[in-house]
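I opened this model to look up its charged pairs and its nonpolar core. My notes follow in the order I took them.

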Amino acid sequence: MTEIVPAILATDFEELRQGVSKFVHVVPIVQIDICDGVFVPSSSWPYTEIKSGGSRNLDSILNEEEGLPHWDSMAFELDLMVHDAHEYFDFFMKLGPKRIVFHIEAEGDNSKFKEFLESIDPYIRDSLEIGVAVDTHTDIQNLEPIILLVDFVQCMGIARDGYQGEDFDERCLSQIKSLHTKYPELIISVDGAVDDTTAPQLVDAGASRLVVGSFLADSYDAKDKIRYLQSLHK
């Protein structure tokens, strides 16, 4: 069964709460898109609140007084569209993720990023899945030095990160096929422009996890769409 991960792009904590609420007891994990306004032009929670001086909700989470919305019944994947995100690893860990996705294009020095991955405490690695995202215009050979240090690769299905509703970029299909051929056991996730038209192509190419944003966000039949996407197989 294909794993389906709804993606939530929220400008504030209340929008995040509403987005997560839609999928409680529907899927076990959702992805929170985190945009810093530097690596990508757009900003999302928590950067919108950091830039405005912070908020009670964010402070309470960082102080471990509360968690992300529905933390007791939902796991979280953080998609870090953030420049040099690994430098803020401790901050993101305080949000309580099960998975973290770093974008290779956002990590300016790949040697330092590799050193970071190698230095993560084994205790943390036992409870955290780490993925690396690759844009459609990036040669997947750039992943070679770190491919054995991550749990999955996220291929972007769109040319512009940080937006929902973007057009599908077919270059990701060749990336998926190449990765699946070379690393048949590797979990390949796809984020961006995933819908009922593109999903069968992505799964057939070798993707086993689909991150779905706008196709589900405004839907009244999200559960049915998720069930359909889960039924796809290579």
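Entry 1. I started with E3, which is partly exposed, with a relative accessible area of 24%. The model is a predicted one, and I read every value below as computed from it.

Entry 2. I then asked which residue forms a salt bridge with E3. The partner is R209, and the closest N and O atoms of the two are 2.8 Å apart. E3 sits in strand β1 (residues 3-8) and R209 in strand β8 (residues 209-212). The two residues are 206 residues apart, so I noted the pair as a link between distant parts of the chain.

Entry 3. Is R209 buried or exposed? I found 3% relative accessibility for R209, so it counts as buried, because the cut-off for buried is under 20%. E3, at 24%, is over that cut-off and therefore goes down as partly exposed.

Entry 4. I looked for a further partner of R209 and found E129, with the side chains meeting in a salt bridge at 4.0 Å, N to O. E129 belongs to strand β5 (residues 129-134) and R209 to strand β8, so this salt bridge ties together parts that are 80 residues apart in sequence. E129 has 23% relative accessibility and counts as partly exposed.

Entry 5. I followed these contacts outward and asked which residues are linked with R209 in a network of salt bridges. The network holds E3, E77, R99, E129 and R209. For the whole structure, the search gives ten salt bridges.

Entry 6. I also checked a pair within one helix. E14 and R17 form a salt bridge, with their closest N and O atoms 3.3 Å apart. Both lie in helix α1 (residues 13-21), three residues apart, which is about one turn of the helix. E14 counts as partly exposed at 40% relative accessibility, and R17 counts as partly exposed at 34%.

Entry 7. I turned to the nonpolar residues and asked which members of the largest nonpolar core touch the most other members. They are F92 and L210, in a core of 66 residues. A second, separate core has five residues, among them V101, A133, F152 and I158.

Entry 8. I listed what L210 touches, leaving out residues up to four places away in sequence. The list has T2, E3, I4 and V5, and also V190, V194, A199, L202 and V203. E3 therefore appears twice in my notes, as a contact of L210 and as the salt-bridge partner of R209, which counts as buried.

How values were computed
Residues are numbered from 1 along each chain as its sequence is written. This is a predicted model: local features need pLDDT of at least 70, side-chain atom pairs count only at pLDDT 80 or more; totals for chains, interfaces and linings use all residues. Side-chain values use heavy atoms; hydrogens and water are left out. A nonpolar core is a set of buried Ala, Val, Leu, Ile, Met, Phe, Trp, Tyr and Cys residues joined through side-chain atoms within 4.5 Å. Buried means under 20% relative accessible area, exposed over 50%, partly exposed in between (1.4 Å probe, protein chains only). Contact means heavy atoms within 4.5 Å. Helices (H or I, at least four residues) and strands (E, at least two) are DSSP runs, numbered from the N terminus.
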